[in-house]
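Thank you all for coming; I would like to walk through one model this morning, beginning with its ligand and then turning to its domains.

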Amino acid sequence: MAEPILTINGVTKDYPAVRAVNNLTLSINRGEAHGLIGENGAGKSTLMKMLSGLEHPTAGSITFDGKPLNLCTPAEAMKLGIAMIHQELNLIGELSVADNIFLGRERTTLGLVDRGSAETAALKLLNQLGSNVSPRTRVNRLSIADQQLVEIAKALSCEARLLIMDEPTAVLSERETTALFRVINQMRLHQGVTIIYISHILPEVRRLCDRITVLRDGQYVKTVEPREADDAELARLMVGRDLGDLFPQRAPHLPDTVLEVRNFFVDGWVRGAGLDLHRGEIVGLAGLVGSGRTEFAEAIAGLRKRRSGSVSIIGEPADIRSPIDAIRHRIAYVSEDRKLRGLHLDLSITENSTLANLPTYGFPLLNRSARQAAANQHAQKLGTRCSSVRQRVGSLSGGNQQKVALAKWLDTKPNVLLLDEPTRGVDIGAKQEIYQLIHGLAAEGKSILMISSEMPELIGLCHRILVMRNGRIVGSLPGERATESDIMHLAAGLRENRVA
Ligand SMILES: Nc1ncnc2c1ncn2[C@@H]1O[C@H](COP(=O)(O)OP(=O)(O)OP(=O)(O)O)[C@@H](O)[C@H]1O
Ligand SMILES: [Mg+2]
């Protein structure tokens, strides 16, 4: 007989402009892996923050392990064995991996911090996760995927009884995800740990979880077992309607070349990569984590120094050495890392949406109403959920932050858009909206390069898929005929079809 470890009783959480969680009742069984899904802004993270002491319910009560849970701080939650891996990373860049993992719980010998034993313990945790990062590395030198693994190691290190994971795999590769799932299952088996797992990658949730609860607009919708509902049914429960085809019909592109990139070299990452983008074409860039996709795109957009290589735009050489040069040439790069490079979380939606295009708004004397109007237009087009465009971006849900990052670059009216994992952390309904938006931009004659680790997305969306490995383009596949296995073979170096 299943016994609950956690009971949430009629919990409500109000923010000034929005009821994020609305009279929610739910119980989680001891030792189960419980999936939590719902659209962007449905209230998933808010609910979890109340379980980990970061937020406090406006009304209702929570019982953990038979006792009322009244948390004031995350440290109290940790003491009770509740650990949370956050959607947005929470690490201190200047500190080492080991220091981050044991922050606030430093190991001491005779009153002195014992670095050696912390490093050994950190190494063991990281190895379990299939990571080969050194515990001594400074965190700001790591890729986002590696940082996520450090965040996970940190939660694992405190012997949690309830482990809450808020989109832990959004930045992980297939291999790292598999390693993570192995660790999660071991923890459940050997230590009876209970898991609450939030993700927008529905097949993953169904693979890992015993039961899945759907939230919509802060309210409880339904709890199902994975075999009772396929992905389409889960999506329907999340969105409240049938989504139909996820991908729009592919329209043909024009034959003229808009962007020509040749022979790019970026130290440590890119070793002779090039590509062509045609007018109205959507090109996918696939590859494993570490293949150099992001670095290549950053170099094209002038964000990263290249040692050699040339760019032409509509047949004319273009010397792009800085982001300003790129904007001038109507090339926009939407970063995969919206917290660090894409957005200013303390500024409003309006400020963020118009930030890359300030001169148009009469910089330095800015035209406020014009900025607001532009921000409103983008928010409407992208379906950004907010109380108003004056809302601080930091208080938006993860997926809606992603839409503001897109708005910021659309505002520069680019001809070429380089999108780096544009649907990461975005719910399935919003994904469909972003796909339609990308098709709409292509139909307007814009050329799009889309980096994505979700192969079905590249196959469903792109005219052509380029595969990158070890800093080179190792293959080119026609979108409508490519298969996941074709892409994987090229990405892993099991096959080569070198086409420019
Ligand atoms: N600090 C805050 N101040 C004001 N509103 C907030 C704050 N945090 C969250 N919200 C609002 O509460 C609602 C629920 O947000 P929450 O982050 O819980 O969504 P979510 O389900 O985790 O979405 P996602 O899948 O995008 O991460 C949203 O409307 C969001 O804008
Ligand atoms: Mg969230």
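From which domains does the shell around ligand 1 draw at least three residues each? The answer is domain 1 (4–239) and domain 2 (257–491), with the bounds coming from an automatic or database domain assignment. Please keep in mind that this is a predicted model, in which local features need pLDDT of at least 70 and side-chain atom pairs count only at pLDDT 80 or more, while totals for chains, interfaces and linings use all residues. Residues are numbered from 1 along each chain as its sequence is written, and chains are lettered from A and ligands numbered from 1 in the order in which they are written.

There are 18 residues around ligand 1, and A20, N40, S45, T46 and S397 come nearest, where a residue is near a molecule if its C-beta atom, placed from the backbone, lies within 6 Å of it. Two or more shell residues are given by each of β2 (18–29), α1 (44–51) and α14 (398–410), and α1 gives the most, with 3 residues; helices (H or I, at least four residues) and strands (E, at least two) are DSSP runs, numbered from the N terminus. By character, the shell holds 5 nonpolar, 11 polar and 2 charged residues, with Ala, Val, Leu, Ile, Met, Phe, Trp, Tyr, Cys and Pro counted as nonpolar, Asp, Glu, Lys and Arg as charged, and the others, Gly among them, as polar.

Turning to the domains, their C-alpha centres lie 29 Å apart, and the contact between them takes 18 residues from domain 1 and 18 residues from domain 2, two residues being in contact if their C-beta atoms, placed from the backbone, lie within 7 Å.
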